[in-house]
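Here's a quick briefing on a protein chain, sorted by topic. Have the sequence and the 3D view open as you read.

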Amino acid sequence: MTSRPSALVTLATCNLNQWALDFDGNAARILDSCRRARSDGASYRLGPELEVCGYGCEDHFLETDTFDHCWESLAWLLEEGATDGLVCDFGMPVLHAGVRYNCRVICCDRKVLLIRPKTAMADNGNYREGRYFTAYSAPANSPATCPEKHLLPTSFATQFEQRDAPFGLYHLWCADGSTVGCESCEELWTPQASHIELALRGVEIIGNGSGSHHELRKLSTRMELMISATRKCGGVYLYSNQRGCDGGRTYYDGCAMIVVNGRIVAQAPQFDVHDVHVVTATIDLDDVRSYRASHPAFGIQAAKLATEEGGAGSNGLMCEDVRLTFDPTDAASYNKNRPKVTEESMELEITTPEEECCLGPACWLWDFLRRSGAAGFFLPLSGGADSSSVAAIVAVMCILVTKAAREDPEGDVAKECRRVCRQEEGNPLWVPATPQEMANFVLHTTFMGTDNSSNVTNSRAKRLGDAIGSYHSSIKIDLMVNAVLNVFQITTGHMPRFASRGGTMTEDLALQNIQARLRMVMAYLMAQLLPWVRGRTGFLLVLGSANVDEGLRGYMTKYDCSSADLNPIGAISKGDLKRMLIFLSKEYPGFDVLAEIANAPPTAELRPIDAATATAEAGHSQTDEEDMGMTYEELGYFGRLRKISRCGPVSMFKKLMVTWSHIAPSEVAAKVKRFFYYYSLNRHKMTTITPAYHAEAYSPDDNRFDLRQFLYNTRWTWQFSAIDDIVAQQPDADHDKDKND
């Protein structure tokens, strides 16, 4: 009696830290992932979206060279044996019939089995896929028996004896009866997701190669989509993602996973400093078949679709030489690395927002540091929450890198650490003994005080520098400020004064701004010369420290310390930063000062100290929230409503009348008007804002994410008039009466 063939299959997916246009490095990382998958006994390997060239090529996708180099990279991968005995689902752009498509290219044994174009473009937020690619629409009456063909580069005919390959929305039907299909990133998020039809067509294994960037609190939504997809339709769903900074403001946060019938069976880390991470799982496809067969509604819909398409399997490409399953009784199939079949579900690993705030930017900074060739960072450290948050993020970066380097002194992370720290000569296996030792090499901090600075913030900055291990100094910049003011007085015959000393607000603001701007000048001087002072080579990247709420309100001096090379907190709110500081103060011994900093009232320290109103906690009489005329919590409301809820002044006011029902309508109106006045007045500052790590959905980043004008009618006459009309219909007296009732 002949037993039924085995339905066991080992599948692999991965996180890859790709870099736009780094074709050598990208191909090497892809090859590494294929070898690791094969070593674990996998017969199928899924890679991220556009992994061959890197997802973030942007307008380079308009260049023919990008497409040519992708085919050259693919040919190199085939020659190197990446697909020998392994079905590989690669992501790359393809120019087909004169149209640019974002494609999955499935290969096995040095042959291209299928080119599957993406059907839905991501065009929201940071995504601009419609600028570079066309969403594919399948031609009518194009069955798998007569598929559309793509003419491969001539080199493929010479090297691999293949002239063309199937192009379209097909799936693979392997010789052992297993079936493989594709869903590409954005398609998962659409109402008519591709995996639904694939499942109804009997496809058991669905691979989603993605280029999904990190955003605070986004991961759980992404995961739930994949879990619910297989819980509803059954099947094996593999998700692959880039992880790292590929040359822009976004950080791709990995978290590759394998889901079976609603159960997570494998998951890669969301944040990490390693370039390649492969996860594998062994699955019994009979579990998928049984799961689907047990749901009558699924069978009815599958049968209906088959009838409409002229029979089951009409979209399946037969691959007679491809087998994915293995026979556990066959000695030749034995692999000690192969994961066991499990019926249990992994516990979902989701980081808290506090962890996301530090881990994401820390990994992003590490990628930027090592790929830029810089010798480290320079940070003006004021002792306040914002600059201290940046310093803490760099400290977390040092913790992650030191841990990885010490675990494998011969690994890639250790090699990069030696190069960045300029320790390549001498001990070939040198790694930092502690994160503080690494921080002393790469992080340079300076407290740039004036006569208006307090001893409290100076002390906090020094104690934090000591805890982190940074190369720290404390200086006074009054000489620079006085020199500029003297030049102004010689030129104009006038000397400005602070408002507290008889000056106007115009004079007062100018005196504050000159201090802030000279700090930027000093920061860049220090960044260029400190390596030379320390007898080292290279340059330092200047780090900025303006948070998302200050950018939204425009509460910053243009070309002050908010102007830098990079800003890891530019899209993180003040509230999230404070919670992150408190979390880190508890997580890492010796970081106690962070809790003290988090609980101190924020202050710019640009005006003379008024001893009568200065508090012990702040150390100063000037506070940010008093200067802004609104709280950071209120700014969070304004930011989310303006961007995420897409509210103008009137609709924002209407929503806040309900949310802030404890406040009189006229007061709500005043707050909304004040916000939109200052937002529009200072919007021009966003046109020169420092490139910041994208973390928050209400980021006001003008360059890529928040596309709006920067010259406004700051009076908002029509809109504010509409708000006044509503307030007139809701008198404060009526509001007070309702409260008393």
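A salt bridge here is a side-chain nitrogen of Lys or Arg within 4 Å of a carboxyl oxygen of Asp or Glu. By that rule, Asp 275, Asp 367, Arg 370, Glu 416 and Arg 419 are tied into a network of salt bridges, and a search of the whole structure turns up 32 salt bridges.

Some ground rules before the bullets. The model is predicted, so local features need pLDDT of at least 70 and side-chain atom pairs count only at pLDDT 80 or more, while totals for chains, interfaces and linings use all residues. Residues are numbered from 1 along each chain as its sequence is written, and side-chain values use heavy atoms, with hydrogens and water left out.

**Salt bridges across the chain**

- Arg 131 and Asp 59 meet through their side chains in a salt bridge, at 2.8 Å from N to O.
- That pair links distant parts of the chain, 72 residues apart: Arg 131 sits in helix 3 (residues 129-132), and Asp 59 in the loop between strand 2 (44-46) and helix 2.
- Helices (H or I, at least four residues) and strands (E, at least two) are DSSP runs, numbered from the N terminus.
- Asp 59 counts as partly exposed because its relative accessibility is 34%; buried means under 20% relative accessible area, exposed over 50%, and partly exposed in between (1.4 Å probe, protein chains only).
- Asp 84 and Arg 110 make another salt bridge with their side chains, at 3.0 Å from N to O.
- Asp 84 is in the loop between helix 2 and strand 3 (87-96) and Arg 110 in the loop between strand 4 (99-108) and strand 5 (111-117), so this pair ties together parts 26 residues apart in sequence.
- Both partners are partly exposed, Asp 84 with a relative accessible area of 30% and Arg 110 with 28%.

**Helix 17**

- Helix 17 (residues 574-587) has 14 residues, which at 1.5 Å a residue should span 20 Å, and its end C-alpha atoms are indeed 20 Å apart; the expected span is 1.5 Å times one less than the number of residues.
- Its buried residues are Lys 574, Asp 576, Leu 577, Met 580, Leu 581, Phe 583, Leu 584 and Ser 585.
- Asp 576 and Arg 579 share a side-chain salt bridge, at 2.9 Å from N to O.
- Both of those residues lie in helix 17, 3 residues apart, or about one turn of the helix.
- Asp 576 counts as buried because its relative accessibility is 4%, whereas Arg 579 is partly exposed at 42%.

**Surface patches**

- Patches are made of residues with over 30% relative accessible area and no salt bridge; like charges are joined within 9 Å, and nonpolar side chains (Val, Leu, Ile, Met, Phe, Trp, Tyr) within 5 Å.
- Glu 63, Asp 65, Asp 68 and Glu 72 form a negative patch on the surface.
- For charges, Lys and Arg count as positive and Asp and Glu as negative, with His and the chain ends not counted; the place of a charge is NZ of Lys, CZ of Arg, CG of Asp or CD of Glu.
- Asp 68 belongs to helix 2 (residues 64-79) and is partly exposed, with a relative accessibility of 36%.
- A nonpolar surface patch brings together Tyr 471, Leu 525, Leu 529, Trp 532 and Val 533, with about 500 Å² of accessible area together.
- Accessible areas come from the Shrake-Rupley method with a 1.4 Å probe; for residues, only the protein chains shown count as cover.
- Helix 15 (residues 505-533) gives the largest share of the nonpolar patch, 4 residues, while Tyr 471 is in strand 20 (residues 471-476).

**Positive phi outside glycine**

- Cys 255 isn't a glycine, yet its phi is positive, at about 65 degrees.
- You'll find Cys 255 in the loop between strand 12 (252-253) and strand 13 (257-260), where it counts as buried at 0% relative accessibility.
- Trp 716 is another non-glycine residue with a positive phi, near 45 degrees.
- Trp 716 lies in the loop between helix 22 (665-681) and helix 23 (717-729) and is buried, with a relative accessible area of 10%.
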